[in-house]
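Reader: I would like to learn how to read a ligand site and charged pairs in a model. Please show me the structure.

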Amino acid sequence: MSKSISGFSKLSKSEKIDWIVSTYLSNSDIAKNTIKQYFNTDKKLQQLHDEFIENTISNYYLPLGVAPNFLINGITYAVPMAIEESSVVAAASKAAKFWMDRGGFKTTVISTTKIGQVHFMYEGAVDDLRLFFNSIKTKLIEDSKPITKNMEMRGGGIIDIELRDKTENIEGYYQLHATFETLDAMGANFINSCLEQFAKTFKAEAEDTLDSPVEVIMSILSNYVPDCLVRAEVSCEIEALSEGDIDPEAFAKRFVQAVSIAEVEPHRAVTHNKGIMNGIDAVVLATGNDFRAIEAGVHAYASKDGKYKSLTHAKVEDGIFSFWMEVPLALGTVGGLTSLHPLVKVSLDILGKPKATELMQIVAVAGLAQNFAALRSLTTTGIQEGHMKMHLMNILNQFDANSREKEAIVNHFKTHTVTHSAVVEAINKLRA
Ligand code: MEV
């Protein structure tokens, strides 16, 4: 039986499901039921989700959790997080509470500039190209007015356009490197529309003026935004780090060493930064932003010195422990999914309808808090204790435990170490 199809997108949703199930799945009734189980009974809401993408067959749920008690620049937030990993929200909440009792997080938006580029080839004399660019730069901006008018009225728009000579990297390769202020919008559509207009004007004018042709290869925003930067930090006297039986001096020393390791050792840096992204991505997703763009930009920033490094830094100086991070975050609180997805609207409302700059600060704090929580566990008890406690419910659900079994087993593991095999053994024993 052929596993390929033409015209799939033209089929109705139920025809698509029938085709997928009959072509790829052996247990078709169960698969079909599972797919349909996730349909929303509210037809309008379902249609909204169907229309986000092409070829929708169902909805894919992630839990939406909330980590309360985030004190940021004196304001207390409950931070919405969409994530499947069991321990992330718990860790964020714990770190938030810890720092709330020690003055909270401080944040600063350092810059908000976004970037887009028209990549083109030109084999003629570079001086001619420079003269030509300088002569039409104003026209490039003028021709984009229908696109930039509204953004300019709100105080944003095109900041600058530069001609960049990249012929050292590829023969004949140049760029129009443009910078933008997109205010509360993430700005992808705005930037890409401006770039395509620049390309059009540039090419048309070049045909009339230059001896050699300009070949536009592509026009696209860059997700590398090192000038859309936010800083988040915490600090306190070393003694204030004490909690339970943790010795604050020893803890601070081990913590700073753990960060130093991630600053010099890429294998550790990747995992260290992954933990930061647990916090960042969860808030980015809950607020309807593009987590792939954020991921790509943040990891590129972690390699900005030519080597992949920790995004966070820590030090102890004059008896003060400080822990901080600078991270590029091009986020939006208007446009895109932010005004479409009902849960995104709720998440933004929980945060008090933030401006993009405020969201940048909240997201950076979620990343810093997550890293603090991870390093605190790693340098003291190890992460498995907390992680497996949170994961216990997943194992119980895998075994279809009922509420009586869950209660008994959760009770048992209050005083025993959770491992997968220990939980299986406990279920079997209980069921026997
Ligand atoms: C797990 O999702 C994240 C950690 O591995 C991060 C880290 O090692 O710092 C715990």
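The ligand site comes first, then the salt bridges.

Author: This is a predicted model, where local features need pLDDT of at least 70, side-chain atom pairs count only at pLDDT 80 or more, and totals for chains, interfaces and linings use all residues. Numbering runs from 1 along each chain as its sequence is written, and side-chain values use heavy atoms, with hydrogens and water left out.

Reader: Which residues surround the ligand?

Author: A residue is near a molecule if one of its heavy atoms lies within 4 Å of it. Here the ligand is surrounded by E85, R268, T271, H272, K274, G275, N278, A374, L378 and I383. The shell divides into 3 nonpolar, 4 polar and 3 charged residues, with Gly counted as polar.

Reader: Which side chains make polar contacts with an oxygen atom of the ligand?

Author: A polar contact is a pair of N or O atoms within 3.5 Å. The E85 side chain has an N or O atom 2.6 Å from a ligand oxygen. For K274 the distance is 2.6 Å, and for R268 it is 2.8 Å. The protein covers 84% of the 300 Å² of accessible area that the ligand has on its own (Shrake-Rupley method, 1.4 Å probe).

Reader: Which element gives the most to the shell?

Author: Helices are DSSP runs of H or I, at least four residues, numbered from the N terminus. α9 gives the most, with 6 residues. α9 (266–286) and α12 (356–378) are the elements that give two or more.

Reader: How many salt bridges does a search of the whole structure find?

Author: Side chains of opposite charge can pair when their charged atoms come close. A salt bridge needs a side-chain nitrogen of Lys or Arg within 4 Å of a carboxyl oxygen of Asp or Glu. The search finds 20. One of them joins K13 and D50, with the closest N and O atoms 3.2 Å apart. This pair links distant parts of the chain, from K13 in α1 (residues 13–24) to D50 in α3 (residues 43–50), 37 residues apart.

Note on methods. A polar contact is a pair of N or O atoms within 3.5 Å; within protein, one must be able to donate a hydrogen and the other to accept it, and residues adjacent in sequence count only if both atoms are side-chain atoms.
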